[in-house]
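Biologist: Hello! Could you walk me through this structure, one question at a time?

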Amino acid sequence: MEKKEIISVIAAQMNELFGIKGETVTEDSALMEDLGLSSFDMLLLLPEIENKFGVEFSAGSLRSMITVGDISDYIIQTSSQSEKG
């Protein structure tokens, strides 16, 4: 799956959970600052993303999730590692 498609799925999930319009979600959107997500919102969002993409976010990886692009990069990286292994 390409990065653009992943971001589209993340945007749809944010719309469903929080009413955030898809067109406002870009690769560079900061999750908390730009999109207004709280840490509690992240706890709701990330399990949904894990289920959709078959990935698991570690506690360490969560600290580096600043933008939507960070989430999509992690999904791509994790997916490619699991395909190799």
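Modeller: Gladly; the questions below go from confidence to helices, core, pocket and loop.

Biologist: Which element of the chain has the lowest mean pLDDT?

Modeller: This is a predicted model, and the chain averages a pLDDT of 92, with 95% of the residues scoring at least 70. Where pLDDT is low, the predicted coordinates should not be read in detail. Among the elements, helix α1 (residues 3-18) has the highest mean, 97, while the lowest, 83, belongs to helix α3 (residues 59-63).

Biologist: Thanks! How far apart are the end C-alpha atoms of α2?

Modeller: Helix α2 covers residues 39-53. It has 15 residues, so at 1.5 Å a residue the expected span is 21 Å. The model agrees with that, as the end C-alpha atoms are separated by 21 Å.

Biologist: Which residues of α2 are buried?

Modeller: Here the cut-off is a relative accessible area under 20%. The residues of α2 that meet it are Asp41, Met42, Leu45, Leu46, Ile49 and Phe53.

Biologist: And which residue just after α2 takes a positive phi?

Modeller: Look just past the end of the helix, where phi is about 65°. The residue with that positive value is Gly54.

Biologist: Which residues does Lys52 touch, leaving out those up to four places away in sequence?

Modeller: Lys52 lies in helix α2. Its C-alpha atom is 9.9 Å from that of Ile6, although the two residues are 46 apart along the chain. Counting heavy atoms within 4.5 Å as contact, Lys52 touches Val9 and Gln13.

Biologist: How many residues are in the largest nonpolar core?

Modeller: The residues with the most contacts inside this core are Ile10, Met14, Leu31, Ile49 and Ile71. Helices α1, α2 and α4 (68-84) each supply at least two of its residues. Ile10, for one, touches Ile49, Phe53, Val68, Ile71, Ser72 and Ile75, not counting residues up to four places away in sequence. The core's total is 22 residues.

Biologist: Nice. Which helix gives the most to the lining of the largest pocket?

Modeller: About 260 Å³ of space lies in this pocket. Its lining includes Leu31, Met32, Glu33, Ser39, Met42, Leu43, Leu46, Leu62 and Arg63. Both α2 and α3 supply at least two lining residues, but the helix that gives the most, with four, is α2.

Biologist: Is Lys21 buried or exposed?

Modeller: Lys21 lies in the loop between α1 and α2, and its C-alpha atom is 12 Å from that of Val9, 12 residues away along the chain. The cut-off for exposed is over 50%. With a relative accessible area of 52%, Lys21 is therefore exposed.

Biologist: Last one: what does Ser38 count as, at 31% relative accessibility?

Modeller: Ser38 also sits in the loop between α1 and α2. Its C-alpha atom is separated by 27 Å from that of Glu2, 36 residues away along the chain. Buried needs under 20% and exposed over 50%, so at 31% Ser38 counts as partly exposed.

Conventions: Residues numbered from 1 in each chain as written. Predicted model: local features only at pLDDT ≥ 70, side-chain atom pairs only at ≥ 80, totals over all residues. Heavy atoms only, no water. pLDDT = per-residue confidence, 0-100. Expected span 1.5 Å × (residues − 1). Buried < 20%, exposed > 50% of the residue type's maximum accessible area, 1.4 Å probe, protein only. Core = buried A, V, L, I, M, F, W, Y, C linked by side-chain atoms within 4.5 Å. 1 Å grid on protein atoms, 1.4 Å probe; cavity = no way out; pocket = protein on both sides within 12 Å on 5 of 7 lines; lining within 4 Å. Points joined across faces, edges and corners; volume = space filled by probe spheres on them.
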